[in-house]
Amino acid sequence: MTEAENINADNISQNITISNYVTYLNFISEKLTKFFSKQKPYIFCQKGCAKCCKNAQFPYTLTEVTYLMSGVIKLDEDSQKRIESNLERIIEDKKNFKGEKFRYDCPFLLDDVCSVYEYRGLVCRGFGLLQNDKDGKVKVPFCCFEGLNYSNVMDDEGKKISPEKFSKLGVKEEPCAFNISYEFLTDPDFERGFNFKFGERKPLIEWFMN
Ligand code: SF4
Ligand code: SF4
C-alpha cells in the first residue's frame, strides 16, 4: 500500500468507528432518556445548572474525545476561541498544581451551558441519576446534598432514600438506582456488540496536553 492509501484506510476505519460509536450512543441515550423520565419527580436538572460540569475530572476515551471534537469544529469562531483559552488556562493550572487530584471546570462549558451538548461524553450523559456502582452500592449524585436531584427523598442524615419522604410525595415511580457507572457504559461487551473500540481512557484535559 502507498502512504496515501494507508492514510485513506486509517480515515475510513476511524469513520466506521465513530459511526458505530454513534449507533451505540443512540442506543444508550434512548435508555438514559427513559431512566430520567421514570425518575422525573426527583430530578431538578435544568439549563444553566452546571454544577456537575465544574470542579471535576471527566474521564474520556479516545473515541469519546474524537466525537466531542467533531462537535467543537462546528461551533462559531468566538466559541472555539473561548474553548481554546479555557484549555490553555486549565493546562497552565494543571502544570502548576502540586496536589494529588487536579480538578477543573470543563473547558467546553460556556456561560454555564454545554457548548457541545449533542457530542458530550458518556460520563456527562448519565450524571444526575442514582447509580449502582460496580460493587452494587448505590451512588447518590453530589447535587442531592445541594438541594437538587433526589434531595426531596433523601433522609435527614443524607445517607439513604427515606421511604417516609417518598410516600409523602405521593408519586407512583419509586426512586431507583441504575447500572450506568462509567465502567459499565464503556464495557467491552458494547465494543463487541456495536463493533467499535473506545481506545485509551484519561481525564479530559490530558487529551489536550503534550
Ligand atoms: S445533575 Fe445535578 S448538578 Fe448536574 S445539571 Fe442536574 S441538578 Fe444540576
Ligand atoms: S462536555 Fe458538556 S456536559 Fe460534559 S462536562 Fe463538559 S460542559 Fe458539562
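This is a short walk through one protein and the two ligands that sit with it in the model. Before anything else, keep in mind that we're looking at a predicted model.

Okay, the overall picture. The protein has 7 helices and 6 strands. If you follow the chain from start to end, the order goes α-β-α-α-β-β-α-β-β-α-α-α-β. Along the principal axes, the C-alpha atoms fill a box of roughly 70 × 40 × 35 Å. Of the 210 residues, 22% are buried. And here's one about contacts: take those between residues at least 6 apart in sequence, and 75% of them join residues at least 24 apart.

Now the ligands. What surrounds ligand 1? You'll find Phe44, Cys45, Cys49, Lys51 and Cys52, then Phe127 and Gly128, and then Pro141, Cys143, Leu148 and Asn149. Sorted by class, that shell has 8 nonpolar residues, 2 polar and 1 charged.

Over to ligand 2. Its surroundings are Cys53, Phe58, Cys106, Phe108, Leu109, Cys114, Val116, Arg120 and Cys124. Here the classes come out as 8 nonpolar, 1 charged and no polar residues.

Hold on to Val116 and Arg120 from that shell, since they come up again with Leu68. That leucine belongs to helix H2, which covers residues 62–72. If you skip the neighbours within four places in sequence, Leu68 touches Val116, Tyr119, Arg120 and Gly121. Is Leu68 buried, exposed or partly exposed? It counts as partly exposed, because it has 19 C-beta neighbours inside 10 Å, and buried would take 20 or more. For a sense of distance, Val138 is 70 residues from Leu68 in sequence, and their C-alpha atoms are 29 Å apart.

Last topic: backbone angles. Most residues other than glycine have a negative phi. Which way does Tyr150 go? Its phi is positive, about 70°, and it isn't a glycine. Tyr150 sits in the loop that runs from strand E5 (138–139) to helix H5 (163–169). With 22 C-beta neighbours inside 10 Å, Tyr150 counts as buried.

Asn195 also isn't a glycine, and its phi is positive too, at about 60°. You'll find Asn195 in the loop between helix H7 (188–194) and strand E6 (201–203). Asn195 counts as partly exposed, because 13 C-beta neighbours lie inside 10 Å.

So if you open the model afterwards, try the loops with Tyr150 and Asn195, and then the two ligand shells. That's it from me.

How values were computed: Residues are numbered from 1 along each chain as its sequence is written. Chains are lettered from A and ligands numbered from 1 in the order in which they are written. This is a predicted model: local features need pLDDT of at least 70, side-chain atom pairs count only at pLDDT 80 or more; totals for chains, interfaces and linings use all residues. A residue is near a molecule or strand if its C-beta atom, placed from the backbone, lies within 6 Å of it. Ala, Val, Leu, Ile, Met, Phe, Trp, Tyr, Cys and Pro count as nonpolar, Asp, Glu, Lys and Arg as charged, and the others, Gly among them, as polar. Helices (H or I, at least four residues) and strands (E, at least two) are DSSP runs, numbered from the N terminus. A residue is buried if 20 or more other C-beta atoms lie within 10 Å of its own, exposed if 12 or fewer, and partly exposed in between; C-beta atoms are placed from the backbone. Two residues are in contact if their C-beta atoms, placed from the backbone, lie within 7 Å.
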